[in-house]
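Let's look at some helices and ask what earns them their labels. Here is the model to follow along with.

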Amino acid sequence: MIDWLFLAEVTLAGLGTGALLALPGVAFVLIYKATKVVNLAIGETLMLGAYAYFALTSGLGWPLWLAVPLVLAAGGGFGALVERIMIRPMLGSSAISVFMVTIGLGAMIVGAVELAWGLEPHRLVTHTSEAPLFIGEAYVPRKTAAAFGVATLVIVVLLLVLRLWPGSLALRATATDPGAAYSCGVSVPRVYSFSWAIASMIAAGAGILVGAVAGISPGMGVFGLTVLAVVIMGGLDSVLGVLLAALLVGFAESVVVAYLGGEYKLITTFALLLLMLLVRPHGLLGTAEIDRL
Amino acid sequence: MTTLSTPALPRRQATVLALSAVAFVAAPFVVSNYWLYWICLMAINTISATGLNILTGYTGLSSLGQAAFMGVGAYTLALLQQHLPLPFPLALLAAGLVAAIIGLVVGMPSLRVKGLYLAIATIAASVVLEFVFTNWQSVTNGTKGLTLAPASFFGQPLDQPGQLYWVIVPTAIVLVAMAANLFRTRVGRAFIAIRDRDISAEVLGIPLLRYKLMSFGLASFYAGVAGGLWAFFFRVVTPDAFPIVLSIFFLAAIIVGGLGTIAGGVIGAIFMTLVPELLRLVFGLLTAWVPDAMAVIPSVRSIIFGALIVGFLLFEPQGIAAIVSRISRRSRARASC
């Protein structure tokens, strides 16, 4: 006999995880679409954002309304800087080389965070009340609900901006064909900087949400691996696919954790990923690249 | 070794070879146990790095599973020893083959698409394998791991670095020589053709999937053998001995040493094996001023590995091997004028 209420709660928790996965996932797709770089350091950028927020609020005692914009700005600045000094010089090298650069960057960030804040996990200061929230009869932790709300809002706003803002045309043009865009007067280098800045800003912000829900530790980069799995499953270049895959993975993880236990979480995600690579390598909604003759 | 056609060895090369042979035979008698330990570890890492170099440096694919496949080799060897005792050369071969087979299973789906997907599939495989090592209690003994008896040679147990030297270093030499010779054959040339331009390679009649799989299988085989030797060397195999960081270590090794040169894989593995030990020395000196300096070594190591990967890819993509050949070319040019 299935306990429907329990299943409903598990589903809601899954939705929460899904939204948290979707946010850095969208950041990942933004970078991939604009610059064709598979950025393995997105999980570490997320962790850096969470730790920056931790340093500002718990360390310096700054209020939320000051800390959040600062973390977002720092995240954006970090992304632009990384693009400028590590990614742009690699222009024209093979995709594998750039990919390996982001691996190196990730390792550097993990080491730096461990040095600065130590190995032990911390909790983020949150401003949600601890009173339980009920949707119908199902219980949802208030933090998860708040994180879900914020993540959804950000994604909706981002999608609207990318669709309606005139400047996004340059982004889409670059994504389609950088060479043609460049000769039409689009400043491709600026688009590159911009996409890295925005994506890193989103990742840093997502770090605050993830940290608020689950706490922070130098092992948070593992969350980045899950995001990578989500992005591959959704399709590297499809925002919609990533949203779908994020909900799917969030739901699957939540069910597995509820019925089997926490140690099965990561393996479920990666087993799903291997399965997806087997049956549909370009992901749910990704473009099947034709690179054979 | 890397030159393609040398009818007779030039005198320079012959001298180098002779000197290396003397050094190889003399080392265990001259060098202290401490250094033999490091030589053995360098040789093990050289094997794994050379395998990864076949894949990344010569075929243009990338893997973050080299450490996990070493784990497969190590566990295979440990389990064989418990359940089906074989002479150790056969056991090593089996360790390599099992790793290669698992590699093929992982590579099969992802290599149908672009090369980058292999890197992602190998991340997934690392996670899955680590899970299997940890949770398949009945076979792998969980987090406690498996303990091995020392390898034996005609009843003589090999448990000191000085004795294992005669197993590990020759294996490394043979495998590195095989890798060097591979690139004189059709298969090796096909790998290079795929790296340089996969579409042209396919037009020239190289079946991409088959050769990419072959390259990945070889890389995993090298990792498996290295893992088997690793198991003989440390004699205890635990799930946390083969984290993704170790795969990043091997990636760093071939990037630092030189992608796509045999010497690069060897130089890189030796260099990277020494980095943690150098760190230990430096931080050991620092403890005079900072009492808990040793505790931060893993973090510093992570930063240094990352910085080496990024720095070399940006500024010296051909690695130390290119620097060495540049210097020797210059010195030769100076000598001839």
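Angles between helix axes run from 0 to 180 degrees between N-to-C directions, with each axis fitted over the stretch in contact. Keep in mind that this is a predicted model.

Q: Why is α5(A) called roughly antiparallel to α8(A)?
A: The axes of α5 (residues 142-164) and α8 (residues 188-214) of chain A cross at roughly 165°, coming within 9 Å. Angles over 145 degrees count as roughly antiparallel, so α5(A) gets that label against α8(A).

Q: Which residues of α5(A) and α8(A) make the contact?
A: On α5(A) they are A:Lys143, A:Thr144, A:Ala147, A:Val150, A:Ala151 and A:Val154. From α8(A) come A:Ile202, A:Gly205, A:Leu209, A:Ala212 and A:Val213. Sorted by class, that's eight nonpolar, two polar and one charged. The crossing here is left-handed.

Q: What makes α3(A) and α8(A) oblique to each other?
A: Helix α3 (residues 64-87) of chain A packs against α8(A) at about 140°, with the axes 7 Å apart. Roughly antiparallel needs over 145 degrees, and roughly perpendicular covers 65 to 115. That angle fits neither, so the pair is oblique. This crossing is right-handed, and its contact has 17 nonpolar, six polar and two charged residues.

Q: How do you know that α5(B) is mostly covered?
A: A residue counts as buried if 20 or more other C-beta atoms lie within 10 Å of its own. In α5(B), 14 of the 20 residues are buried, so "mostly covered" fits.

Q: What span does α5(B) reach, and what is expected?
A: From first C-alpha to last, α5 (residues 116-135) of chain B reaches 29 Å, close to the expected 28 Å.

Notes: Residues are numbered from 1 along each chain as its sequence is written. Chains are lettered from A and ligands numbered from 1 in the order in which they are written. This is a predicted model: local features need pLDDT of at least 70, side-chain atom pairs count only at pLDDT 80 or more; totals for chains, interfaces and linings use all residues. Helices (H or I, at least four residues) and strands (E, at least two) are DSSP runs, numbered from the N terminus. The expected span of a helix is 1.5 Å times one less than its number of residues. A residue is buried if 20 or more other C-beta atoms lie within 10 Å of its own, exposed if 12 or fewer, and partly exposed in between; C-beta atoms are placed from the backbone. Angles under 35 degrees count as roughly parallel, over 145 as roughly antiparallel, 65 to 115 as roughly perpendicular and the rest as oblique. A crossing is left-handed if the near helix is turned anticlockwise from the far one by less than a right angle, and right-handed if clockwise. Two residues are in contact if their C-beta atoms, placed from the backbone, lie within 7 Å. Ala, Val, Leu, Ile, Met, Phe, Trp, Tyr, Cys and Pro count as nonpolar, Asp, Glu, Lys and Arg as charged, and the others, Gly among them, as polar.
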